[in-house]
Amino acid sequence: PPAHSRSDWIGPPDQHSNLRPIIFYVPPEESALERRLREARQEAQASNQRFWARHNRAFRQEKEEFIYSRLKAKGLEMRDESGQKATLNAEEMADFYKDFLSKNFKKHLQYNRDWYKRNFRITFLMGQVALVRALRWLRRRKKNVEQ
Amino acid sequence: AGLFVWCLRNTGVRQLPCQFVHLYHVANDKLITFQYFNFLKRMYVTRCNKDLSQRAKPKSHSIVSPFHELQQLDQEKKVVNKISPVSPVHQLWSETSSRNELREMKSAAETEDSVIPVGTQSKEDRQWKEMKLRLDDLPGILARLSKIKLTALVISTASAGFAMAPVPFDLTCFLLASFGTGLASCAANTINQFFEVPFDSNMNRTKNRPLVRGQISPLLAVCFAASCGVPGIALLTLGVNPLTGALGAFNIALYTCCYTPLKRMSIVNTWVGAVVGAIPPIMGWTAATGSLDAGAFLLGGILYSWQFPHFNALSWGLREDYSRGGYCMMSVTHPGLCRRVALRHCLALIGLSTVAPVLDITTWTFPIISLPINLYISYLGFRFYRDADRSSSRKLFFCSLWHLPLLLLVMFTCKKSVLKKEDKGDLPGGSHETAMEIRLP
């Protein structure tokens, strides 16, 4: 993002976590409240990034292993004669999906709780910051009108 | 075939990128508009081909969406035409990206049923974007935030409930009820998206939602939801009747606070979701009559049963995304149950249609005329149950899209007229005429 920009910038989805990273703008006269908001957002972003990158990587890996073991059981190789990667059809993959979901169930429950808490907190802070800014702007306008 | 025509119509717009190449300004916000325009074009095309991945609306409303898109394109055209000459570097970039667009659009127009992977990132998708809200983008963003097409479907089911109620038609009440229901639906959909940002980013179907892409801040989204929900429920409570308002508020709570979290905890979410879908027609009925009669529950029951073949068939193709995203859906955890339930409810639709005349809502022509439609969807439900593959699930899903509006339409034409309610031995022709009388205010 350009150096003179005064707003946050959001980028393309990360290749591991599929989340879009945000580069936060730090205003020179940032108040304590605004700093708390920014830090909360940065922390949430980092935590989400960690979770999903690790989770998606595990999914891909376990999927590969599953396909490999199934293909081996059927007596096939990972790549057939034309060099194409051999895949299993949706019905065979269904067992894997079911398994993966149940294995990660507790992890997801924990993450959900975490995410909801963070989301509410960040949005609430945003509300506070917006309110403070609005009051400040009103006060400035009143002062201008009086002058 | 209809989709093909829209794609062709849109290719007329492809002449514009050549003009863009010359009319390109370096200013950031113009860059965003241009990117957004190209993105709109791409979305438009991919939407034509990715029907399965949307909870799309039935045919009668599919006319609305391309016009909506075309309108946006027109607005964008006007904005872009105002900009001044280009710098050579950007010229090159926009040429390659527009060429990609053209190629994509051409291939989409040629192959009707080809699946363009939404994963193919066009150049502008890989850019860093400023997180500033632009007023010209706002209508589009809010439309996507409130899932406007789904909202339109909800409004139409509520209107069906209103129309089927055995009372004289009141236009103001009808409009107030529809508008209030629409606002409530917008609010609920927005809060749903607000809760699900990281999950939506990880699923192909939903990764282009406004909050995921940072086009609007969560605070604004919540404010928008509040500014839709509060007036919507107030309108229903004060302008229609308190019962409808209460149902609306209950439905919002059910959808946002029960269904959305439950999606990640238990397969029960599908049943809760079916109730959410069943409530709008009940709201329409209570708006007209002011009370919860058997008829309201019958209409709700029809919508409730319809949700299962519709959603179970849709979710069959999304199993990988659901599994990775951590969503507890029947199609992943209990596939046999998924198909059984879909079939069961297709058959239930036949039963419910037969009950309608017993409750004096429609004449006996309704179960007779609706039988072929219901049998067809039950047949597809049976095929899905037996074959359990992608093609049968798709067939069932697409059938459900036209089945519902058609069923409601037939129901309305077979509606038992208010005047001749005492006469149970009506000739079908007779009740038809009087039904016509009532329809025209």
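**Close-up views of chains A and B in a predicted model**

R70(A) counts as partly exposed because its relative accessibility is 29%. The model shown in these views is predicted.

**View 1. R70(A) and D95(A) form a salt bridge.**
The closest N and O atoms of D95(A) and R70(A) are 3.4 Å apart. The two residues are 25 positions apart in the chain, with D95(A) in helix α2 of chain A and R70(A) in helix α1 of chain A, and the pair links these distant parts. D95(A) has a relative accessibility of 43%, so it counts as partly exposed.

**View 2. K103(A) and E62(A) form a salt bridge.**
Here the closest N and O atoms lie 3.0 Å apart. The pair links distant parts of the chain, 41 residues apart: K103(A) belongs to helix α2 of chain A, residues 90–103, and E62(A) to helix α1 of chain A. K103(A) counts as exposed because its relative accessibility is 52%. E62(A) is partly exposed, with a relative accessible area of 23%.

**View 3. R133(A) meets E34(A) in a salt bridge.**
The N to O distance between the two side chains is 3.1 Å. R133(A) lies in helix α3 of chain A and E34(A) in helix α1 of chain A (residues 32–74), so the salt bridge ties together parts that are 99 residues apart in sequence. R133(A) counts as partly exposed because its relative accessibility is 45%. E34(A) is buried, since its relative accessible area is 10%.

**View 4. E43(A), D114(A) and R118(A) are linked in a network of salt bridges.**
This network joins three side chains of chain A. Over all chains, a search of the whole structure finds 18 salt bridges.

**View 5. L131(A), L135(A), W137(A) and L138(A) make a nonpolar surface patch.**
The area of the patch is about 440 Å². One of its members, L131(A), is found in helix α3 of chain A, which covers residues 105–146. L131(A) counts as exposed because its relative accessibility is 57%.

**View 6. An open sheet of 3 strands includes strands from chain A and chain B.**
The strand order is β2(A)-β1(A)-β1(B), and the pairing is antiparallel. The edge strands, each pairing on one side only, are β2 of chain A (22–23) and β1 of chain B (129–130). Strand β1 of chain A, residues 9–10, is joined to β2(A) by 2 bridges, and these two strands run antiparallel. W9(A) has I23(A) in β2(A) as its bridge partner.

**View 7. C258(B) and C257(B) have sulfur atoms too far apart for a bond.**
The cysteine sulfur closest to that of C258(B) is in C257(B), at 6.7 Å. A disulfide requires sulfur atoms within 2.5 Å, so the distance of 6.7 Å is too far for a bond. C258(B) counts as partly exposed because its relative accessibility is 32%.

**View 8. C338(B) is a buried cysteine.**
The relative accessible area of C338(B) is 0%, so the residue is buried. Its sulfur is 12 Å from the closest cysteine sulfur, which belongs to C346(B), and that is too far for a bond. Over all chains, the structure holds 0 disulfides.

How values were computed. Residues numbered from 1 in each chain as written. Chains lettered and ligands numbered in written order. Predicted model: local features only at pLDDT ≥ 70, side-chain atom pairs only at ≥ 80, totals over all residues. Heavy atoms only, no water. Patch = residues over 30% accessible without salt bridge, like charges linked within 9 Å, V, L, I, M, F, W, Y side chains within 5 Å. Areas by Shrake-Rupley, 256 points an atom, 1.4 Å probe, with all protein chains shown as cover. Salt bridge = Lys/Arg side-chain N within 4 Å of Asp/Glu carboxyl O. Helix = DSSP H or I, 4+ residues; strand = E, 2+ residues; numbered from the N terminus. Buried < 20%, exposed > 50% of the residue type's maximum accessible area, 1.4 Å probe, protein only. Pairing = 2+ DSSP bridges.
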